[in-house]
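I opened my notebook to a new page today. Here is what I looked up, one entry at a time.

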Amino acid sequence: MVRQDKKNKQPFTMIIFGASGDLTKRKLMPALYELFKDDRLDSGFSIVGVGRSEYSDEAFQAYQTEQLKEFVADEEQDKTLMNEFVNHLHYVAMDSANADDYPLLLEKLQEITGEKQPSHLLFYLATPPSLYGKIPLHLKEVNLNQSGARIIVEKPFGYDLQSAQELNEIYASVFEEEQIYRIDHFLGKETAQNILAFRFANCIFEPIWNRNYIDYVEVTAVESLGIEKRGGFYDGVGALRDMVQNHLIQLVALTAMEPPVRFNADGFRNEVVKVYDSLRPLTDEDFEEHVVRGQYIREGNKPGYREEENVPSTSRTETYIAMKIGIENWRWSGVPFYIRTGKALPTKVTEIVVHFKKTPYQMFQCNEGDCPDANKLIIRIQPNEGIVLRFGMKKPGTGFDVKSVSMDFTYDKLGDVSIGDAYARLLEDCIQGDQTLFTRSDAVESSWRFFAPLLDYWKENEDAPLYGYPVGTWGPLESEAMMNDHDATWTNPCKNLTNTDQYCEL
Ligand SMILES: NC(=O)c1ccc[n+]([C@@H]2O[C@H](COP(=O)([O-])OP(=O)(O)OC[C@H]3O[C@@H](n4cnc5c(N)ncnc54)[C@H](OP(=O)(O)O)[C@@H]3O)[C@@H](O)[C@H]2O)c1
């Protein structure tokens with residue numbers, strides 16, 4: 001498979017903090033290997049792993065070779081290329097929390113680059129978030145923030161508004177905003193970016209993309225897995241912080257934003273922030289009526305959340321959340337956005353469904369339950385990436401029976417053009433110095449500012465409702481009821497998705 005639009009290669013040395021961890025082996029190394037295999041990396045690049053685990057360069061190369069064999073798709077594995085790739089890897093065993101260890105890193109980088117003040121550095125923070133505020137300060141002490149170094153920070157960027165602001169202050173004291181890349185891998189997905197192309201490269205949608213024609217919008221990002229073995233991490237976080245504050249709200253922004261004056265990092269990110277700033281502030285009424293949080297409970301032999309490893313038996317952490325939110329601006333006033341995310345649901349799917357208004361009256365004869373639906377546009381982010389438009393068509397034959405049919409595009413129809421991995425795309429952007437798909441400091445804060453009152457409400461009202469839902473169901477029934485006042489319903493894809501056009505009733 002080939003990806004298109006190769007860019008000029010840029011020299012770089014990437015330092016991965018957390019190199020012995022899960023993210024590095026599952027996502028970062030496979031993505032870097034993909035770029036290498038696709039001849040998209042400068043020949044002199046180096047990758048330096050950092051962690052407390054002891055490895056020599058050779059042992060680290062051997063370890064990463066094993067991981068690549070596991071996490072790179074079989075058809076993409078090429079033994080010779082893998083060997084060449086891992087020859088670019090180095091390792092420094094150090095404690096990233098300890099300032100005294102940083103001269104070790106400096107020395108290693110001087111040795112690798114042959115420069116007294118190493119340049120073209122990219123730091124990737126894939127450590128526990130507790131280190132996100134420390135590493136930049138320690139880098140500064142040994143001047144590794146100089147010479148145009150860039151820093152990529154994994155989510156979560158902050159735990160709430162205050163901690164995000166504190167982190168932003170720390171980063172601003174060490175780096176310029178142009179050096180900071182807050183990564184949200186949802187934005188690296190081709191289908192997420194395609195929302196922009198779909199909206200702004202086609203004239204036909206713009207006139208109807210507003211409150212006059214759109215009735216409501218759903219944004220869904222759910223998965224069938226529970227929290228697996230990640231209870232220790234997840235229980236202090238929950239669905240709102242893990243998915244909504246970053247990924248879901250990004251998808252809302254892509255759907256709702258105005259076209260940027262120019263499509264560059266500033267132009268795009270200015271419009272994202274404007275959407276966040278236009279979100280209608282949440283009130284007590286919203287907390288009580290327009291937010292449903294849930295937690296999965298045992299179904300048959302599938303354990304409930306409170307039975308998972310490292311989860312307290314009294315935990316009130318939400319594994320599901322559905323919310324109705326509004327955007328107060330000229331385009332969207334009065335159009336509800338229903339957003340939801342959850343674990344242990346019937347399937348894994350991320351999609352946006354735009355519901356258009358019904359025709360002013362029903363001209364054609366139809367029986368109750370068999371009448372044509374209002375038009376729907378379904379943008380599937382994953383899996384079976386694609387777009388489906390539902391519209392009414394006359395059934396062949398006598399009379400005028402009208403039924404809903406689909407017109408669809410799926411990415412697999414592009415043949416041998418790979419849609420590429422989100423991390424590979426984002427890492428390449430960072431190497432190129434393109435910040436468009438990375439979150440700017442003001443966007444992080446604006447998003448947290450919107451959700452902060454809800455987090456405060458839950459903190460102050462410990463007995464605020466938390467509904468149980470059996471593993472494998474579409475969340476609490478209250479999430480259906482939440483939409484009744486708008487005569488709306490969730491679009492629930494079938495259990496085992498095999499085709500973009502498969503939708504089923506609950
Ligand atoms: N895993 C994912 O799919 C994923 C997805 C999105 C975001 N993230 C974020 O990415 C970050 C890393 O996640 P992960 O799943 O890879 O975690 P992980 O498997 O626990 O790995 C953490 C890494 O940090 C290193 N580390 C911890 N304390 C250190 C210290 N004091 N000094 C040096 N290294 C230290 C560990 O290495 P040593 O023990 O050798 O020191 C390990 O390599 C997290 O913030 C997570 O929220 C992860």
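**Entry 1: a bridge partner.** Which residue in strand 14 is the bridge partner of Met 393? I looked it up and found Lys 403. A reminder to myself: this is a predicted model.

**Entry 2: the pair of strands around that bridge.** I then followed strand 13, residues 386-394, along its pairing with strand 14. The two run in the antiparallel sense, and I noted nine bridges between them. For background, I wrote down that strands of a sheet pair through backbone hydrogen bonds, either parallel or antiparallel.

**Entry 3: the whole sheet.** Next I traced the open sheet that these strands belong to, and it has nine strands. I read their order as 14-13-12-11-7-10-9-8-15, with mixed pairing. Strand 14 (402-410) and strand 15 (467-470) are the edge strands, each pairing on one side only. Ignoring direction, I found that neighbouring strands are turned by 20 degrees against each other on average.

**Entry 4: helices on the sheet.** I looked for what lies against these strands. Helix 7 (residues 190-200) lies across strand 12 (376-382) and strand 13, and it runs at about 145 degrees to strand 12. Helix 9 (residues 238-256) also packs on the sheet. I listed its contacts as strand 7 (214-222), strand 9 (320-325), strand 10 (337-342) and strand 11 (349-356). The direction of helix 9 makes about 145 degrees with that of strand 10.

**Entry 5: the two helices together.** How do helix 7 and helix 9 pack, and at what angle? I noted about 20 degrees, with the axes 9 Å apart. Angles under 35 degrees count as roughly parallel, so helix 7 is roughly parallel to helix 9. Where they meet, helix 7 brings Ala 192, Ile 195 and Leu 196, and helix 9 brings Leu 251, Leu 254 and Thr 255.

**Entry 6: the core.** I turned to the largest nonpolar core and noted 125 residues in it. Among those with the most contacts inside it are Ile 16, Tyr 124 and Val 252. Helix 9 gives the largest share of this core, eleven residues.

I looked at Tyr 124 in particular. Leaving out residues up to four places away in sequence, Tyr 124 touches Met 14, Ile 15, Ile 16, Phe 17, Leu 28 and Ile 152.

**Entry 7: domains.** Last, I checked the domain assignment, which gives domain 1 (13-154) and domain 2 (187-417 + 441-486). Their centres, taken over C-alpha atoms, are separated by 35 Å. The core from my previous entry draws at least three residues from each of these domains.

How values were computed
Residues numbered from 1 in each chain as written. Predicted model: local features only at pLDDT ≥ 70, side-chain atom pairs only at ≥ 80, totals over all residues. Pairing = 2+ DSSP bridges. Helix = DSSP H or I, 4+ residues; strand = E, 2+ residues; numbered from the N terminus. Axes fitted to C-alpha atoms, helices over the stretch in contact; angles between N-to-C directions. Contact = placed C-beta atoms within 7 Å. Core = buried A, V, L, I, M, F, W, Y, C linked by C-beta atoms within 7 Å. Buried ≥ 20, exposed ≤ 12 C-beta atoms within 10 Å, placed from the backbone. Domains from an automatic or database assignment. Parallel < 35°, antiparallel > 145°, perpendicular 65-115°, else oblique.
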